[in-house]
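New to this one? Take a moment to look it over, and then we'll walk through it piece by piece.

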Amino acid sequence: MARAVEQTKSTEVEAAESPARLRDRLSRAMLRAIGEHRLIREGDRILIAVSGGKDSYTLLDLLWAARRKSPVRFELVAAHLDQGQPGYDGRPLERWLEDLGVPHEIIREDTYSIVLEKAAGETSYCAPCSRLRRGILYTAAERLRCNVLALGHHRDDALETLLLNLLYAGRLQAMPARYTTLDGRFVVIRPLIECAEEDIARHAAAAGYPIIPCRLCGSQDGLKREAVARLLAQIEVENPGVRRVMLSALKNVRPTHLLDREVAEAWEAAAGKYEPRR
Ligand code: SF4
């Protein structure tokens, strides 16, 4: 389990990087995560949820390119959910999917009105919206005969989740690179989990993806996730590279030095199987 962590270099150290090099570096970080966490297996049929944001465009673009050279055979299907947001125009996204040549489906469901109603008086639209979208995507995955769902979460999403849980929920929990849904129907993977958001943003701008802004959460501020993102950015200013160190920490856990009895007992039960870290 213990091993030195190969760091993902980010723009903090690579200021004048060409778009091609940046794309290549992101792709290598993605492939490394896929290999390290065994995210993709022979015969997988993977649904990629393309939201219209920079992360899912990047994921689909890089994974579609990687598929051609991969020794592991897998299939990709893209799905985009038109949520019925006012002013929504999905035509550039559809053209982009057609140009890429990936099999895809556009699903149209008015989740916008439902989320507005459900989240009335709440501080965040994202939680109810995500649950709703996830359910729709699971249904689509089943219909499209996909056994894996790939999400575009990146390193900074994982670190923000870690801090949110630590500071507000009293839980030591980030985001898994791979897990099986509770009902056992799907495997969910996050191939960009070790990629820096700043790199993805720079790549997406250079690639010219037709971004579709979200008009729901864009109008909200003061959310806990944003506060945590600001905190991380502030720490990064004072300690350049701190996000990379934090990612390393997620891959370098010392169960013997936590206070969770279940974890301690599981660790003791596995005595001899793993070497304690120094
Ligand atoms: S509110 Fe917008 S950003 Fe938040 S989960 Fe829904 S679509 Fe995504």
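Before we talk about bridge partners, one bit of vocabulary: two strands count as paired if DSSP finds at least two bridges between them. Also keep in mind that this is a predicted model.

Let's start with the sheet. Six strands form an open sheet, running in the order β3-β2-β1-β4-β6-β5, and the pairing is mixed. At the edges sit β3 and β5 (178-180), each of which pairs on one side only. On average, neighbouring strands of this sheet are turned by 25° against each other, direction ignored. Helix α2 packs on the sheet, where α2 touches β1 (45-49), β2 and β4, and its direction makes about 155° with that of β1.

Here are four of the strand pairs, each with one pair of facing residues:

| Strands | Sense and bridges | Residues facing each other |
|---|---|---|
| β2 (residues 75-82) and β3 (residues 104-108) | parallel, five bridges | alanine 79 and glutamate 105 |
| β1 and β2 | parallel, five bridges | alanine 49 and alanine 79 |
| β1 and β4 | parallel, three bridges | isoleucine 48 and alanine 150 |
| β4 (residues 148-150) and β6 (residues 187-189) | parallel, three bridges | alanine 150 and isoleucine 189 |

Alanine 79 turns up with glutamate 105 of β3 as its bridge partner, and alanine 79 also stands opposite alanine 49. Alanine 150 does something similar: its partners are isoleucine 48 and isoleucine 189 in β6.

Now, is β1 enclosed or open? Four of the five residues of β1 are buried, so this strand is largely enclosed by the rest of the structure.

How do the helices link up with the strands? β1, α2 and β2 make a right-handed β-α-β unit. Another right-handed β-α-β unit is made by β2, helix α3 (residues 91-100) and β3.

Zoom in on α2 (residues 54-69) for a moment, and you'll find alanine 65 there. Is alanine 65 buried or partly exposed? Being buried takes 20 or more other C-beta atoms within 10 Å; alanine 65 has 13, so this residue is partly exposed. Alanine 65 is 38 residues away from serine 27 in sequence, yet the two are 9.1 Å apart in space, C-alpha to C-alpha.

Finally, there's the ligand. Which residues surround the ligand? They are Tyr125, Cys126, Cys129, Ser130, Cys214, Leu216 and Cys217. Sorted by class, this shell has six nonpolar residues, one polar residue and no charged ones.

Note on methods
Residues numbered from 1 in each chain as written. Predicted model: local features only at pLDDT ≥ 70, side-chain atom pairs only at ≥ 80, totals over all residues. Near = placed C-beta within 6 Å. Nonpolar A, V, L, I, M, F, W, Y, C, P; charged D, E, K, R; others polar. Helix = DSSP H or I, 4+ residues; strand = E, 2+ residues; numbered from the N terminus. Right-handed = clockwise from strand over helix to strand, strands pointing away. Buried ≥ 20, exposed ≤ 12 C-beta atoms within 10 Å, placed from the backbone. Axes fitted to C-alpha atoms, helices over the stretch in contact; angles between N-to-C directions. Contact = placed C-beta atoms within 7 Å.
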